[in-house]
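Here are my notes on the model you sent over. Have a look at the structure first, then read on.

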Amino acid sequence: SLPHNFRKLAQLLSSSEFREIMQSISGNQLLEIPTLFLNRLGSNDQIGLHNDYHPQKETLRCVLYLGSTVESTVFGSFVALAFNSSPSVLDFYPPIHNSMVIFEISPFSYHLVTPNDGSVRYSIVLSYFEKRIKTTG
């Protein structure tokens, strides 16, 4: 069973009001309910360079950092990359408590998470899917 405060937070993040905010940021029409999961990054964990793009899958992702880290650190940071002939850093987001990273999932949205330090870090990840117009044929 989830703690009461986490259930309340999950309800807020899954609300139509929050979805409307995400739509205004992304410019996409998003489905009502996002996929929501809790992520744990343990000591020395990292997520290597990758791209989550797949046609007909999610189009927007939000990562809300939880925990006690209140100052900038390189450990466990989200790194957005441009990937032409070789990767180059576009932006760097440290996992500061109560901060959120929002990014579009596209063929060009390469990213990684740097190795974590000795602490455990938690985040809530929301994946939004774009509304598709059904065609009849």
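The points below cover the sheet, a histidine, the main pocket and one arginine.

1. First, a reminder: this is a predicted model, so please read every value below as computed from it.

2. Let's start with the sheet. Four strands make up an open sheet, and going across it the order is E2-E7-E4-E5. The pairing is antiparallel. In general, strands of a sheet pair through backbone hydrogen bonds, and they can do that either parallel or antiparallel. At the edges sit E2 and E5 (87-93), each with a pairing partner on one side only. On average, neighbouring strands in this sheet are turned by 20° against each other, if you ignore direction.

3. Now zoom in on E2 and E7. These two strands run antiparallel and are joined by 2 bridges. Which residue of E7 is the bridge partner of His50? That would be His111.

4. His111 deserves a closer look. This histidine belongs to strand E7. Is His111 buried or exposed? Its relative accessible area is 4%, under the 20% cut-off, so His111 counts as buried. Leaving out residues up to four places away in sequence, His111 touches a run of residues from Gly48 through Leu49, His50 and Asn51 to Asp52. Its other contacts are Arg61, Phe78, Val79, Ala80, Leu81 and Phe103. Gly48 is 63 residues away along the chain, yet the C-alpha atoms of Gly48 and His111 are separated by 7.9 Å.

5. On to the largest pocket, which has a volume of about 340 Å³. Its lining comprises 20 residues, and those nearest the centre are Asn39, Ile47, Val63, Val113 and Ser123. Which strands each supply at least two residues of that lining? They are E1 (35-41), E2 (47-50), E3 (60-66), E7 (110-113) and E8 (121-128). So far as chemistry goes, the lining has 12 nonpolar residues, along with 5 polar and 3 charged ones.

6. Last, take Arg19, which you'll find in helix H2, residues 16-26. Despite the charged side chain you might be picturing, Arg19 counts as buried because its relative accessible area is 7%, again under 20%. What does Arg19 touch, not counting residues up to four places away in sequence? Its contacts are Leu30, Leu31, Glu32 and Tyr128.

Note on methods:
Residues are numbered from 1 along each chain as its sequence is written. This is a predicted model: local features need pLDDT of at least 70, side-chain atom pairs count only at pLDDT 80 or more; totals for chains, interfaces and linings use all residues. Side-chain values use heavy atoms; hydrogens and water are left out. On a 1 Å grid over the protein atoms alone, a cavity is a set of points where a 1.4 Å probe fits but cannot get out, and a pocket is an open set with protein on both sides within 12 Å along at least five of seven lines; lining residues have an atom within 4 Å of a point. Grid points are joined across faces, edges and corners, and a volume is the space filled by probe spheres set on the points. Ala, Val, Leu, Ile, Met, Phe, Trp, Tyr, Cys and Pro count as nonpolar, Asp, Glu, Lys and Arg as charged, and the others, Gly among them, as polar. Two strands pair if DSSP finds at least two bridges between them. Axes are lines fitted to C-alpha atoms, for helices over the stretch in contact, and angles run from 0 to 180 degrees between N-to-C directions. Buried means under 20% relative accessible area, exposed over 50%, partly exposed in between (1.4 Å probe, protein chains only). Contact means heavy atoms within 4.5 Å.
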